[in-house]
Every structure is written in structure tokens, then in C-alpha cells.
Amino acid sequence: MTSATADSLDEETSTIADRVFGQVRQAIVEGEIPAGSKISEPALAARYGISRGPLREAMRRLESTNLVERRPNLGARVITLSNDELLEIYVIREALEGMAARIAAERMSDAAIADLKALLEQHRREVARADWQTYFQEEGDLDFHFRIVQGSGNRRLIDILCNDLYHLARMYRCQFGMKSDRAADALKEHELVADAIAERDGELAEWLMRRHIRASRRAIERRLAVER
């Protein structure tokens with residue numbers, strides 16, 4: 001095998017791994033593969049029609065995003081957070097996303113702020129179609145929180161909130177936050193944060209973002225208390 005052929009095969013394996021990583025990550029985040037589920041690599045390989053090589057690479061990446069954990073003699077499972085661990089994520093998000101909102105008020109361009117407001121208009125139409133009971137955001141640039149963190153331009157914050165914590169936090173936001181009686185309130189809170197950023201009022205943007213995430217955390221605390 002020539003080096004060019006080997007490079008081509010490596011690139012193909014990487015591309016397949018990228019695709020499967022994204023598909024399995026989405027299935028975990030949206031609850032199609034539930035928290036705590038054992039992951040069968042042969043079953044996933046058959047499901048996605050791929051060989052074990054790209055699948056193993058995708059699994060390694062899922063472990064690095066903290067969505068999957070592998071234990072000796074038990075294999076790989078979707079992560080399950082204790083109630084305390086889940087609430088700790090919200091405490092971290094409150095502090096760091098508040099900071100990101102403050103910096104975004106200073107750094108986001110007028111065009112980026114206009115795009116943010118347009119995104120919220122789209123969200124408002126979608127929530128209204130769902131009778132104000134569901135607020136589901138697609139990931140990445142279609143996610144208000146992701147857009148704010150990216151808008152801060154702070155590489156450390158982006159790395160922590162958009163890589164280390166993002167998909168894990170999103171997994172639980174899908175389960176606890178996007179389908180709830182807080183949908184209308186959450187949308188309004190997003191709009192207030194965006195208004196503060198547009199006014200270049202970093203202090204207010206930080207306070208509003210922290211209050212928004214704190215309200216979400218308290219809603220989860222109430223839900224967990226009922227379930228207990």
C-alpha cells in the first residue's frame with residue numbers, strides 16, 4: 001500500500017467517524033439513547049452500516065465530550081449524572097455564561113447582534129406553534145446560549161462552555177428545560193439578555209443571564225423534588 005493510499009483510507013475513516021460521532025451524539029443528547037444505556041458497538045456498527053474502526057474513533061470522541069463513560073468489565077454506557085452533579089453544571093453555567101454575556105455586550109458586532117435577534121424571532125415563532133409549551137433549540141449556531149458564548153470571543157470560555165460542558169449540559173436541557181411550562185418565560189428571558197447586549201450594557205446582560213440560568217436550575221430542583 002502506498003502512502004497516498006494509506007492517507008486516503010485514513011481520511012475516509014476520519015470522515016465516517018465524524019458522521020457517526022455527530023449522529024450518536026445527537027441521539028444521546030435528545031434522549032433517543034437514554035442516560036445509563038449500555039452501548040453495544042456491534043449494534044451501532046450494524047445500525048450505521050460502518051466498520052468497527054471508525055466506530056471506535058467515534059466512541060473515543062464521545063468519551064472525550066463526557067457523554068459516554070467506559071468502565072472495566074462493564075463496557076461503555078451513556079453518562080448518568082447524579083442530581084447534585086446535574087445542579088453543579090447549572091451553578092457553573094450561571095457564573096460562566098453570565099460572564100460570557102457581559103463580554104459579548106462589549107465585543108459582539110452590530111451584525112452579530114442583529115443575527116442574534118433574528119434567531120430569537122425564529123424561536124418565538126416556533127414556540128408559538130408549540131402552544132408555548134416547548135422551547136427546543138437546535139445545537140450550535142441555532143442555540144441562543146451557544147451564540148452568546150461564541151459572541152464573547154473569549155477562547156477559554158468557548159472551550160469550557162462549547163466543548164467541555166456544552167453537549168452534556170444540552171443533554172439535560174433537552175430533558176428538563178426545552179419541554180416545560182417555562183418555555184414562554186425562557187424565551188422572554190433570552191430576549192431581555194439580547195436587548196441588554198444590543199444596548200452594550202454588559203453589567204445588565206450578565207445579571208439577566210445569571211438570573212435566567214438560576215431560574216432554570218430552580219425549576220429543575222422543583223422537578224427533582226417532585227420525582228423524589
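Here is a short chat between a colleague and a modeller about the structure above.

Colleague: Before we start, what kind of model is this, and how are the residues numbered?

Modeller: Residues count from 1 along each chain as its sequence is written, and side-chain values use heavy atoms, with hydrogens and water left out. Local features need pLDDT of at least 70, side-chain atom pairs count only at pLDDT 80 or more, and totals for chains, interfaces and linings use all residues, as this is a predicted model.

Colleague: How many helices and strands does the chain have?

Modeller: These are DSSP runs numbered from the N terminus, helices being H or I with at least four residues and strands E with at least two. Reading from the N terminus, the order is α-α-α-β-β-α-α-α-α-α-α-α. That comes to 10 helices and two strands.

Colleague: What share of the chain's residues is buried?

Modeller: Buried means under 20% relative accessible area, exposed over 50%, and partly exposed in between, with a 1.4 Å probe and protein chains only. The chain has 228 residues, and the buried share of them is 44%.

Colleague: Which domains give residues to the largest nonpolar core?

Modeller: A nonpolar core is a set of buried Ala, Val, Leu, Ile, Met, Phe, Trp, Tyr and Cys residues joined through side-chain atoms within 4.5 Å. This one has 66 residues, and those touching the most other members include Ile28, Phe144 and Met171. Its largest share, 10 residues, comes from helix 4 (residues 83-107). The core lies between two domains because both contribute residues: domain 1 (7-78) and domain 2 (83-227).

Colleague: Which residues is Met171 in contact with, beyond its neighbours within four places in sequence?

Modeller: Contact here means heavy atoms within 4.5 Å. Met171 is among the core members that touch the most others. Setting those sequence neighbours aside, its contacts are Ile28, Val29, Ala35, Leu67, Val78 and Ile79.

Colleague: Which residue does Arg47 form a salt bridge with?

Modeller: A salt bridge needs a side-chain nitrogen of Lys or Arg within 4 Å of a carboxyl oxygen of Asp or Glu, and the structure holds 18 of them. Arg47 is partly exposed at 44% relative accessibility, while its partner is exposed at 54%. The closest N and O atoms are 2.3 Å apart, and the partner is Glu32.

Colleague: How many residues apart in sequence are Lys117 and Asp195?

Modeller: These two form a salt bridge as well, with the closest N and O atoms 2.8 Å apart. Lys117 is partly exposed at 34%, and so is Asp195 at 35%. Lys117 sits in helix 5 (residues 110-129) and Asp195 in helix 9 (residues 183-198), so the bridge ties together parts of the chain whose separation in residues is 78.

Colleague: And which residues are joined into one network by salt bridges that share partners?

Modeller: The network is held together by shared partners, and its members are Glu94, Arg210, Arg214, Arg217 and Glu221.

Colleague: Back to helix 9: which helices do its buried residues pack against?

Modeller: Helix 9 has 16 residues and reaches 23 Å from first C-alpha to last, close to the 22 Å expected at 1.5 Å a residue, where that expectation is 1.5 Å times one less than the number of residues. Its buried residues include Leu187, His190, Val193 and Ile197. They pack against helix 4, helix 5, helix 6 (144-152) and helix 10 (202-227).

Colleague: Which residue with a positive phi follows helix 9?

Modeller: Its phi is near 60°, and the residue is Arg200.

Conventions: Domain bounds come from an automatic or database domain assignment.
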